[in-house]
Amino acid sequence: MLATHIATKNVQDQVIEVLRKMNIEYRIISRQNLDQSNFSWADLILPIGGDGTFLLASNMIYNNKKPIIGINSYPKGSEGFLMLPPKYTKRIPEIFEKLKAGHYYVIMRRRIRTTLKGDAIWEPPFHTHEKGRVAGGEKFYTQDMKEEIPSNSLPKERRLPWLALNEVFIAETLSARTSDLLIKVDAEKKYHMTKSSGLCVSTGTGSTSWHKSINSVNPQIVQEILNLTNETRYFNTEEIMKICSLFNSSLCFDPSELKMCYAIRDMIVSDHWPVPKCLHSRGFCHTLTARSQCFNGGLVLDGGIAVPFNFGTTAILETYPEDSLQYLSLQD
């Protein structure tokens, strides 16, 4: 942890030095001053850290007009899939030289818009890493305000101000508890009742992350399936690994596509609780509607910002071009 902090501070100091030489105005933002006003004025957002830092910064960009580019401050300890390649960690001036010269390209990464409907949709959010409320963002009703404003006077529909770049995850807050959810995909008229470990809805960006981890097959599973289907044929390690690689790669799709992929984790199937008809445990969609049957549920965006999602509350997940993230990548 100390090594990560020192490395991040070192990269931050180098970036500041370059910006000063180029006479570019800047602000240093941390979790303590994570306020929308500190993002709205900027022409470029530059997260320094790992993918978690990038996702937190992207949550504060509310449209497709503001570009973002990230620097992986500690490649030894962070994969930094969303950040610039590790070589740029030690070549900070080159980043700004390429940006100034226009040697970059833009990827419009799609994000998920979440709309809540119901009575208990104005509870304050919290950050899953800190178990506390997120600083800044929209103004939330405090307990005092709730006492002054009758609950039936509050809107029954709320569009969350944050857009999920990777995924939206819905489940009981206590992971050992079964998550009961009613789910509709696209234009379906009826809900499917599901019992599972939670619902993960991902973008193309997120399809390489949690979605892939949930659905990937490993060599042991493939070997056991092949043994059951063909007892006379021996499959060597190379063949097994090729099958795994082909299948796992097929789970990913382009981040610029407007479709989403959903995965129902550990969907409970038994004689008393069969698989819902016409609902697969994973699939693609353009709209997904989930109605909570949870006791103490939560809806989590990009593994960070979360809002309560309890019995009767409905969430509509969609993608729109105007919600995309303008992601910059440098040309080599």
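**Pockets of the predicted model**

Helix 1 (2-21) is the element that contributes most to the lining of the largest pocket, supplying eight residues. The structure is a predicted model, in which local features require pLDDT of at least 70, side-chain atom pairs count only at pLDDT 80 or more, and totals for chains, interfaces and linings use all residues. Residues are numbered from 1 along each chain as its sequence is written, and side-chain values use heavy atoms, with hydrogens and water left out.

The largest pocket (an open set of points, on a 1 Å grid over the protein atoms alone, where a 1.4 Å probe fits, with protein on both sides within 12 Å along at least five of seven lines) holds about 1400 Å³ of space. Its lining (residues with an atom within 4 Å of a point) comprises 44 residues, of which Arg27, Ile29, Leu46, Pro47 and Ile48 are the closest to the centre. At least two lining residues come from each of helix 1, helix 2 (37-40), strand 1 (48-49), helix 3 (51-58), helix 4 (92-101) and strand 18 (325-330). Helices (H or I, at least four residues) and strands (E, at least two) are DSSP runs numbered from the N terminus. The lining of the largest pocket includes 25 nonpolar, 13 polar and six charged residues.

For the second largest pocket, the volume (the space filled by probe spheres set on grid points joined across faces, edges and corners) is about 440 Å³. This pocket is lined by 24 residues, and Leu55, Asn166, Glu167, Ser209 and Asp302 lie closest to its centre. Helix 3 gives the most to this lining, with four residues.

Key
Nonpolar A, V, L, I, M, F, W, Y, C, P; charged D, E, K, R; others polar.
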